[in-house]
Amino acid sequence: MTAEPHPRLTDVFPDLAAEIITLLREQDESDPLADTVKDLLFYGVCTCKPTCANLLTAPPGSSGCYVVQLERDGDHVVWLSLDSTATKITDIEVLDGRDLGPASRRQSPSV
(Lines give C-alpha, C1' and ligand atoms only; values in the text may rest on other atoms or scores of the structure.)
Protein backbone atom coordinates (compact mmCIF):
# COMPACT_ATOMS: atom_id res chain seq x y z
CA MET A 1 0.00 0.00 0.00
CA THR A 2 1.48 3.37 -1.02
CA ALA A 3 0.48 6.67 0.45
CA GLU A 4 -0.07 9.66 -1.82
CA PRO A 5 2.80 12.14 -1.55
CA HIS A 6 0.44 15.08 -1.12
CA PRO A 7 -2.69 15.47 1.03
CA ARG A 8 -6.04 16.15 -0.58
CA LEU A 9 -7.15 19.78 -0.68
CA THR A 10 -10.38 18.73 1.05
CA ASP A 11 -8.36 17.39 4.00
CA VAL A 12 -6.21 20.52 4.37
CA PHE A 13 -8.83 23.17 3.53
CA PRO A 14 -12.27 21.52 3.85
CA ASP A 15 -14.20 24.80 4.12
CA LEU A 16 -12.47 26.34 1.11
CA ALA A 17 -13.01 23.21 -0.99
CA ALA A 18 -16.71 23.14 -0.06
CA GLU A 19 -17.09 26.82 -0.89
CA ILE A 20 -15.40 26.38 -4.29
CA ILE A 21 -17.82 23.57 -5.14
CA THR A 22 -20.78 25.70 -4.02
CA LEU A 23 -19.65 28.75 -6.01
CA LEU A 24 -18.99 26.68 -9.13
CA ARG A 25 -22.47 25.12 -8.85
CA GLU A 26 -24.04 28.56 -8.38
CA GLN A 27 -22.48 29.69 -11.68
CA ASP A 28 -23.39 26.49 -13.51
CA GLU A 29 -25.21 23.64 -11.80
CA SER A 30 -23.52 21.06 -14.03
CA ASP A 31 -20.00 22.57 -14.02
CA PRO A 32 -17.62 19.60 -14.43
CA LEU A 33 -14.88 21.42 -12.47
CA ALA A 34 -17.00 21.14 -9.31
CA ASP A 35 -16.75 17.36 -9.57
CA THR A 36 -12.94 17.51 -9.61
CA VAL A 37 -12.47 19.51 -6.39
CA LYS A 38 -12.82 16.51 -4.06
CA ASP A 39 -9.89 14.78 -5.80
CA LEU A 40 -7.48 17.73 -5.91
CA LEU A 41 -4.15 17.29 -4.16
CA PHE A 42 -2.47 20.09 -2.21
CA TYR A 43 1.10 20.72 -3.39
CA GLY A 44 1.73 23.63 -1.02
CA VAL A 45 1.96 27.37 -1.50
CA CYS A 46 3.40 28.68 -4.75
CA THR A 47 7.00 29.85 -4.45
CA CYS A 48 7.26 31.81 -7.72
CA LYS A 49 7.86 35.03 -5.79
CA PRO A 50 7.85 35.98 -2.10
CA THR A 51 4.41 37.59 -2.20
CA CYS A 52 2.63 34.80 -4.09
CA ALA A 53 0.11 33.01 -1.89
CA ASN A 54 -1.55 30.76 -4.46
CA LEU A 55 -2.42 27.28 -3.22
CA LEU A 56 -1.06 24.74 -5.69
CA THR A 57 -3.28 21.82 -6.64
CA ALA A 58 -0.87 20.56 -9.30
CA PRO A 59 2.91 20.64 -9.65
CA PRO A 60 4.41 24.12 -10.19
CA GLY A 61 4.29 25.18 -13.83
CA SER A 62 1.09 23.27 -14.62
CA SER A 63 -1.15 26.28 -15.16
CA GLY A 64 -2.41 27.26 -18.57
CA CYS A 65 -3.96 30.56 -19.55
CA TYR A 66 -7.47 29.84 -18.24
CA VAL A 67 -8.91 31.40 -15.07
CA VAL A 68 -12.30 30.91 -13.49
CA GLN A 69 -13.34 33.85 -11.32
CA LEU A 70 -15.71 32.94 -8.50
CA GLU A 71 -17.85 35.64 -6.92
CA ARG A 72 -19.87 36.02 -3.76
CA ASP A 73 -22.32 38.94 -3.63
CA GLY A 74 -20.68 40.51 -6.69
CA ASP A 75 -17.14 40.43 -5.27
CA HIS A 76 -14.39 38.17 -6.58
CA VAL A 77 -13.43 35.82 -3.75
CA VAL A 78 -11.49 33.03 -5.49
CA TRP A 79 -9.67 32.66 -8.78
CA LEU A 80 -9.03 29.18 -10.09
CA SER A 81 -6.18 28.72 -12.55
CA LEU A 82 -6.70 25.85 -14.98
CA ASP A 83 -4.40 23.66 -17.03
CA SER A 84 -4.05 24.10 -20.79
CA THR A 85 -7.12 21.90 -21.40
CA ALA A 86 -9.25 23.99 -18.98
CA THR A 87 -10.34 20.79 -17.25
CA LYS A 88 -8.11 20.69 -14.16
CA ILE A 89 -7.66 23.25 -11.38
CA THR A 90 -3.93 23.87 -10.99
CA ASP A 91 -3.93 26.58 -8.33
CA ILE A 92 -6.27 28.63 -6.20
CA GLU A 93 -5.94 32.29 -5.32
CA VAL A 94 -8.09 33.38 -2.39
CA LEU A 95 -8.87 37.07 -2.80
CA ASP A 96 -11.13 37.91 0.13
CA GLY A 97 -8.41 38.10 2.78
CA ARG A 98 -9.63 35.20 4.91
CA ASP A 99 -7.07 33.44 7.08
CA LEU A 100 -6.71 29.88 5.86
CA GLY A 101 -4.38 28.91 8.69
CA PRO A 102 -0.78 27.75 8.80
CA ALA A 103 -1.00 25.38 5.83
CA SER A 104 -1.53 28.36 3.54
CA ARG A 105 1.59 30.19 4.67
CA ARG A 106 4.97 29.85 3.05
CA GLN A 107 7.49 28.20 5.35
CA SER A 108 10.49 30.34 6.29
CA PRO A 109 13.79 28.86 5.14
CA SER A 110 15.90 27.30 7.89
CA VAL A 111 18.84 29.36 9.02
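Let's start with contacts that reach across the sequence: in this predicted model, take the contacts between residues at least 6 apart in sequence, and 51% of them join residues at least 24 apart.

What are the pieces of the chain? There are three helices and five strands. Reading from the N terminus, they come in the order α-α-α-β-β-β-β-β. The radius of gyration is 14 Å, close to the 13 Å that the globule rule gives for 111 residues, so the chain is as compact as a globular protein of that length. If you box in the C-alpha atoms along the principal axes, you need roughly 50 × 40 × 25 Å.

Now for inside and outside. Of the 111 residues, 34% count as buried. The accessible surface of the chain adds up to about 6,900 Å², and carbon and sulfur atoms own 53% of that. The chain also carries 9 positive and 18 negative charges, and the mean positions of these two groups sit 7 Å apart.

**The core**

Which residues touch the most other members of the largest nonpolar core? They are Ile20, Leu24, Leu70, Val78, Leu80, Ile89 and Ile92, out of 22 residues in that core. Helix H2 (14-27), helix H3 (32-36), strand S3 (66-72), strand S4 (75-82) and strand S5 each chip in at least two residues. H2 gives the most, with five residues.

Leu70 is a good one to click on. Skipping its neighbours within four places in sequence, Leu70 is in contact with Ile20, Leu23, Leu24 and Gln27, and also with Asp75, His76, Val77, Val78 and Leu80.

**Four residues to look up**

Here are four residues with their places and relative accessibilities.

| Residue | Place | Relative accessibility |
|---|---|---|
| Thr90 | strand S5 (residues 89-94) | 3%, buried |
| Glu71 | strand S3 | 39%, partly exposed |
| Ala86 | loop between S4 and S5 | 30%, partly exposed |
| Asp73 | loop between S3 and S4 | 75%, exposed |

Is Thr90 buried or exposed? Thr90 counts as buried because its relative accessibility is 3%, and the cut-off for buried is under 20%. Leaving out its neighbours within four places in sequence, Thr90 is in contact with Leu55, Leu56, Thr57 and Ala58, with Ser62 and Ser63, and with Ser81, Leu82 and Asp83.

Glu71 has a relative accessibility of 39%, so Glu71 counts as partly exposed. Again setting aside neighbours within four places in sequence, Glu71 is in contact with Leu23, Gln27, His76 and Val77. Those four names also turn up in the contact list of Leu70. What separates Glu71 from Pro50? The two are 21 residues apart along the chain, and their C-alpha atoms are 26 Å apart.

**Two loop residues with a positive phi**

Asp73 isn't a glycine, yet its phi is positive, at about 55°. You'll find Asp73 in the loop between S3 and S4. With a relative accessibility of 75%, Asp73 counts as exposed, as the cut-off for exposed is over 50%.

Ala86 is another residue other than glycine with a positive phi, this time near 60°. Look for Ala86 in the loop between S4 and S5. Ala86 has a relative accessible area of 30%, so Ala86 is partly exposed.

Definitions and conventions
Residues numbered from 1 in each chain as written. Predicted model: local features only at pLDDT ≥ 70, side-chain atom pairs only at ≥ 80, totals over all residues. Heavy atoms only, no water. Helix = DSSP H or I, 4+ residues; strand = E, 2+ residues; numbered from the N terminus. Rg over C-alpha atoms; globule rule 2.2 N^0.38 Å. Buried < 20%, exposed > 50% of the residue type's maximum accessible area, 1.4 Å probe, protein only. Contact = heavy atoms within 4.5 Å. Areas by Shrake-Rupley, 256 points an atom, 1.4 Å probe, with all protein chains shown as cover. Lys, Arg positive; Asp, Glu negative; His and termini not counted. Charge placed at Lys NZ, Arg CZ, Asp CG, Glu CD. Core = buried A, V, L, I, M, F, W, Y, C linked by side-chain atoms within 4.5 Å.
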